There are 2 protein chains.
Amino acid sequence: MAEITVVGAGMMGSALVYPMSENGHKVNLAGTALDRDMIDACKKTGIHPKYGRAYDKNTVSFHYADEIRGLVEKSDLVVCGVNSFGIDYFAKEVLPFVRGGVPVVSLTKGLIDEGGDLIDYPTYMKNVSGTGTEICAIGGPCISGELVQHDHTVVALCGTNAETLKYIKSLIETPYYHLWLTTDLHGVEAAVALKNVYALGVSLSMGLFPPEADNGHLNPQAGLFGQSVREMTRLLMLLTGSAESLYVCASDLYVTVFGGRTRKIGTMLGAGLPAKEAKDTLKDLTLESLVIAERTALWLKKMTDKGVVETGDFPLLMHIYDILIGECAVNLPWKAFSK
Amino acid sequence: MAEITVVGAGMMGSALVYPMSENGHKVNLAGTALDRDMIDACKKTGIHPKYGRAYDKNTVSFHYADEIRGLVEKSDLVVCGVNSFGIDYFAKEVLPFVRGGVPVVSLTKGLIDEGGDLIDYPTYMKNVSGTGTEICAIGGPCISGELVQHDHTVVALCGTNAETLKYIKSLIETPYYHLWLTTDLHGVEAAVALKNVYALGVSLSMGLFPPEADNGHLNPQAGLFGQSVREMTRLLMLLTGSAESLYVCASDLYVTVFGGRTRKIGTMLGAGLPAKEAKDTLKDLTLESLVIAERTALWLKKMTDKGVVETGDFPLLMHIYDILIGECAVNLPWKAFSK
């Protein structure tokens, strides 16, 4: 049995504790400074407040931020479960204490412009920390609450070393938690970041054309889904030179359109709520989709200025940017989709 | 204005008459011998019985099978709207009468084994007829009833000649009907055929794990969706050498999972109804998915015997075949998905 420390007591990190502890590992759920209330609640009740399910007393323990260094130093696997705004903290305050040869699994999704390149978070954290730690990642279609309820869940475990991936899989897979293994780390990480933006795009349709009894208005949804897949394919090719992880894009887009938080803001915007009001309504949620849409659109604009790409190849993404940042009204460029 | 003849008064052919007539073209809706009742009803009321919407009296006329040859001989565009079982009829009895230089647009979806190659219907019909007629096709996410109601609909218009595609697009696109143009005819046609099989696969989940108030069971659906995209990518590569039309696969899969007839049989099978009973229940529907699943699986088995592929790369398709043809119980091979 291994000792595993999950840093960050957000939704996905806290959910992953269940399958890991069911496999008999000693799991330390360590909150950051932002997670104090969550750790308090877990310590008091043994039950995760968001999931309402008890953790196994014999294998799971709960910790505050000041214990993280000590836990990480003795762990056989470290999971990065902080949100987008915590990646510098994780890179600087946690990664340096991971033992040599111990891999990290990142659950944090995003892309960031570093010196003109739009890179994924595992790569960014590796660069910032300067350590040689191998950072793998899990991405793909997973509603965390369903994982906790033992629904069959198939996600991608990606990293640069196939042997490390097999080792991590052996620690965390269960009869209901299935892991595709792939060495296309950059592809999977770009895929799962981009899908948030495009889930917002598909959801616009749900606000514009709400399903009725006799008409699901599935054609516009599917048109946007197809355009999303086209643009995500182009982005994966631009960012990584390969679209082999498109299956992760497509399936994660599917689940996010139906089960994610991003759907809420897309539907509101489609229904005509101004961007500012929609954002205010949801300000308590970590809407990574907004950040990723802005970063990706700005990067594409720069690439267009350099003559590398045509923003005309990304009409849906650019319209999402105009809605969110330019506060333009929703007016989907259908004809641009079929150029 | 052009004269257009639609051969076959099934759902999609009859739906396409609306946008074509709205563009002012003279449209002849010509039923086959199977469509006599439908043509009777249209002649009597001017309203399509399935859609409940009147056709434009000034531009649309209705015809029986014996008029098809005469209509086709004078048309500027001919649409093949027969079902899978009518493609030999169309190839032998209709195609020879299409004027030189007049293109055909096929709406019929399927794949067929011809001398060891699994080929699409436009290619098959061209081979059978021996004519030089250019056969283009429309495929992609479209619930026909929603098209009739003017929902935004984005589909792929594919063919081998880009100029012909532009000409056809100019005849049939409307402010709500949008056409991606692509010369990847074989890719689109394989995509739209295969998506029927995989829609059945994803729908198994809806019978196995029906959504509840507090759990949509989206993770298993999305896992199957992702596995479908992986297998469809491999099949497109095998059949056409390119996966560029995967966006059509993915978006058509999306709409078929939610709005298609295939979902019904997938859900029934997932809920435990034996294959024979599920097929009997739906015997009045043209369940092309069953035919395509069988043909594709048998072709893959042959290719495996030749050492060209591994059926292990298509665990979902082979399980669908085992359920439908072997009448096995549903037992999704989740672990095979993550191998």
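Mentor: Buried area is the accessible area, taken with a 1.4 Å probe, that two parts lose on being put together, summed over both. The model we discuss here is a predicted one.

Trainee: How much area do chain B and chain A bury between them?

Mentor: The contact draws on 49 residues from chain B and 49 residues from chain A. Of the area buried between these two chains, 60% lies on carbon and sulfur atoms, and the total comes to about 3,900 Å².

Trainee: Which three residues supply more than any other three of the area that chain B buries against chain A?

Mentor: Their joint share of the area that chain B buries against chain A is 19%. The three residues that supply it are His152(B), Asn219(B) and Tyr254(B).

Trainee: Which side chain of chain A meets Glu173(B) in a salt bridge?

Mentor: Between chain B and chain A the count is two salt bridges. In one of them the distance from N to O is 3.3 Å, which is within the 4 Å that a salt bridge requires. The partner of Glu173(B) there is Lys335(A).

Trainee: Within chain B, how do helix α8 and helix α9 run, roughly parallel or roughly antiparallel?

Mentor: Helix α8(B), residues 185–208, packs against helix α9(B), residues 218–240, with the axes 9 Å apart and at an angle of about 155°. Angles over 145 degrees count as roughly antiparallel, and therefore α8(B) and α9(B) are roughly antiparallel.

Trainee: How many nonpolar residues does the contact of α8(B) with α9(B) have?

Mentor: Residues including Leu194(B) and Tyr198(B) in α8(B) meet residues of α9(B), among them Phe225(B) and Leu235(B). By class, this contact has two charged residues, seven polar ones and, as the number you asked for, nonpolar residues to the count of 13.

Notes. Residues are numbered from 1 along each chain as its sequence is written. Chains are lettered from A and ligands numbered from 1 in the order in which they are written. This is a predicted model: local features need pLDDT of at least 70, side-chain atom pairs count only at pLDDT 80 or more; totals for chains, interfaces and linings use all residues. Side-chain values use heavy atoms; hydrogens and water are left out. Axes are lines fitted to C-alpha atoms, for helices over the stretch in contact, and angles run from 0 to 180 degrees between N-to-C directions. Helices (H or I, at least four residues) and strands (E, at least two) are DSSP runs, numbered from the N terminus. Angles under 35 degrees count as roughly parallel, over 145 as roughly antiparallel, 65 to 115 as roughly perpendicular and the rest as oblique. Contact means heavy atoms within 4.5 Å. Ala, Val, Leu, Ile, Met, Phe, Trp, Tyr, Cys and Pro count as nonpolar, Asp, Glu, Lys and Arg as charged, and the others, Gly among them, as polar.
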